[in-house]
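Student: Could you take me closely through one part of this model, the place where two neighbouring helices pack, and then add what surrounds the ligand?

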Amino acid sequence: MSKNFPILVVDDDDRMRELLVEIFSDQGHQVIAASDGDTAIRAILENKFSLIVTDLKMPKQDGMAIVRQAKAVDAELPIIMITGHGSVNSAIEAMKQGAYDYIEKPFDPEQLKLVANRALRYYQLIRKNRMMNSTLNDLRSHELIGGGSAMQKVKRLVAKIAPLDVSVMIQGETGTGKELVARLVHRNSRRAGNLFLPINCGAIAVNLLESELFGHEQGAFTGADQQKKGLVELASAGTLFLDELNSMPAAFQAKILRFLQDRSFFRVGGGKELRSDVRIVAATNVNLAEEVAAGRFRDDLYFRLSVMVLRLPPLRERPEDIPELACYFLRKYSSLYEKKVDRIDPYTLNQLVDHPWPGNIRELENVISSSVIMTTGTAITSASLPDDFRRGNLVTAVEDSMKLSDMEQTMMRKALQRSAGNKARAARMLGIDTSTLWRKIKRYGL
Ligand SMILES: Nc1ncnc2c1ncn2[C@@H]1O[C@H](COP(=O)(O)OP(=O)(O)OP(=O)(O)O)[C@@H](O)[C@H]1O
Ligand SMILES: [Mg+2]
């Protein structure tokens with residue numbers, strides 16, 4: 001164990017206090033001493049200690065007051081109480097209040113060291129655990145999972161490009177994480193405090209695309225009964241994510257190019273030239289350079305948007321990331337579905353690593369999520385994998401979280417039918433507890 005912890009010792013008896021200081025200083029710890037409760041409490045508020053060793057009986061603020069104060073600052077900070085000979089009752093009271101342990105006067109210094117070392121180890125564990133949990137939370141919200149060299153390279157590039165305020169083109173097959181990366185670029189830029197607005201260029205008819213992006217004035221066309229601001233205007237100072245740029249209608253490519261040249265635009269039906277300071281991040285699931293070469297995409301637009309190109313490798317080219325990703329999604333969905341599934345059996349994991357994953361990370365995410373639903377034990381086995389996967393012809397159609405909840409509902413309906421409405425049995429079949437089933441029945445209105 002590392003020997004350098006900040007320790008607070010509190011005792012109103014000078015000789016006793018000096019002994020305590022000596023014991024812990026000799027062990028290499030940084031010791032702060034206080035001769036009364038008030039001084040001790042001030043020290044607790046001003047410093048971070050790993051251990052407090054305090055006398056119980058002191059005039060005014062006693063050891064109990066110190067326990068209460070310390071617990072308010074950090075509920076897990078260990079406190080060792082030094083009690084008078086034969087005062088077991090107050091020792092028990094101190095433990096009830098949250099003291100870690102007690103030691104009776106007179107004590108053997110070796111015994112105190114033992115108890116103190118145990119307390120310090122305990123606190124180290126608690127802190128390590130806290131740190132892990134906070135990293136886990138971080139991962140959940142914005143990390144790109146994948147420790148393999150290809151993903152490391154992507155992460156380094158994102159970190160480099162994000163703050164530069166240049167246009168970024170993200171290229172990758174479906175489900176490789178293009179939108180996730182686009183959001184990361186935004187979050188790591190000076191625009192992070194402003195809006196990130198996505199628009200799917202392939203999903204909107206060309207005439208609507210113009211009003212979506214640039215807005216329109218009242219009466220600009222039938223149905224335009226009031227003025228509307230477009231995404232370009234709304235995302236000013238933020239980031240506009242042009243998703244599926246490759247499917248942007250040719251007729252619109254010239255219009256967006258004009259905007260990109262000087263960041264000025266007109267609302268549809270508007271006569272006033274407006275400006276927007278928006279950063280463009282675009283995504284494409286085909287090699288846009290090839291589209292340009294084949295004459296299917298404007299080269300001038302391509303050149304303007306591809307100042308920086310980020311290529312996301314398909315999952316089959318980096319199978320080394322599959323175990324980590326699978327475990328990440330396992331944690332995510334077992335907590336979402338409130339199931340105690342916490343591992344994937346080795347044979348099944350191998351199957352996952354060997355799969356070609358045409359739908360990439362999204363497909364892997366869907367397979368894990370439905371496996372978590374299907375699993376009755378604590379481990380995902382081949383039997384819990386979706387039928388399609390086991391047959392080797394998994395439908396790679398895009399499934400979103402809406403469909404996941406559909407899937408969950410279907411499973412619940414089946415279980416309820418098979419158990420003839422017996423909730424406890426249905427819950428057992430689904431491998432969840434009855435209260436969870438009740439909650440979900442209510443949520444889905446089954
Ligand atoms: N490296 C990663 N770590 C963790 N989750 C990831 C990673 N890459 C992708 N995902 C997850 O996979 C799913 C698909 O990612 P995303 O929507 O960003 O893909 P996409 O490339 O935009 O796909 P499409 O081309 O189909 O729109 C999302 O749920 C995303 O959070
Ligand atoms: Mg996408």
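Tutor: In this predicted model, helices H18 and H19 are roughly perpendicular to each other, because the angle between them falls in the range of 65 to 115 degrees that counts as such. The angle at which H18 (residues 423-430) and H19 (residues 434-444) pack is about 100 degrees, and their axes lie 9 Å apart. On the H18 side the contact is made by Lys 423, Ala 424, Ala 426, Ala 427 and Leu 430, which meet Thr 434, Leu 437, Trp 438 and Ile 441 of H19. By character, the residues of this contact comprise seven nonpolar, one polar and one charged.

Turning to the ligand, 17 residues surround ligand 1, and those that come nearest are Thr 174, Gly 175, Lys 178, Arg 362 and Glu 365. For Thr 174, an N or O atom of the side chain lies 2.6 Å from an oxygen atom of ligand 1, whereas Gly 175 places a polar backbone atom 2.9 Å from an oxygen atom of the ligand. Gly 177 likewise has a polar backbone atom 3.1 Å from a ligand oxygen atom. Ligand 1 taken alone exposes 630 Å², of which the protein buries 85%. Two or more residues of the shell around ligand 1 come from each of helix H7 (178-187), helix H13 (322-336) and helix H15 (360-374). The make-up of that shell is eight nonpolar, four polar and five charged residues.

Terms used:
Residues numbered from 1 in each chain as written. Chains lettered and ligands numbered in written order. Predicted model: local features only at pLDDT ≥ 70, side-chain atom pairs only at ≥ 80, totals over all residues. Heavy atoms only, no water. Axes fitted to C-alpha atoms, helices over the stretch in contact; angles between N-to-C directions. Helix = DSSP H or I, 4+ residues; strand = E, 2+ residues; numbered from the N terminus. Parallel < 35°, antiparallel > 145°, perpendicular 65-115°, else oblique. Contact = heavy atoms within 4.5 Å. Nonpolar A, V, L, I, M, F, W, Y, C, P; charged D, E, K, R; others polar. Near = heavy atom within 4 Å. Polar contact = N/O pair within 3.5 Å; in protein donor to acceptor, adjacent residues only side chain to side chain. Areas by Shrake-Rupley, 256 points an atom, 1.4 Å probe, with all protein chains shown as cover.
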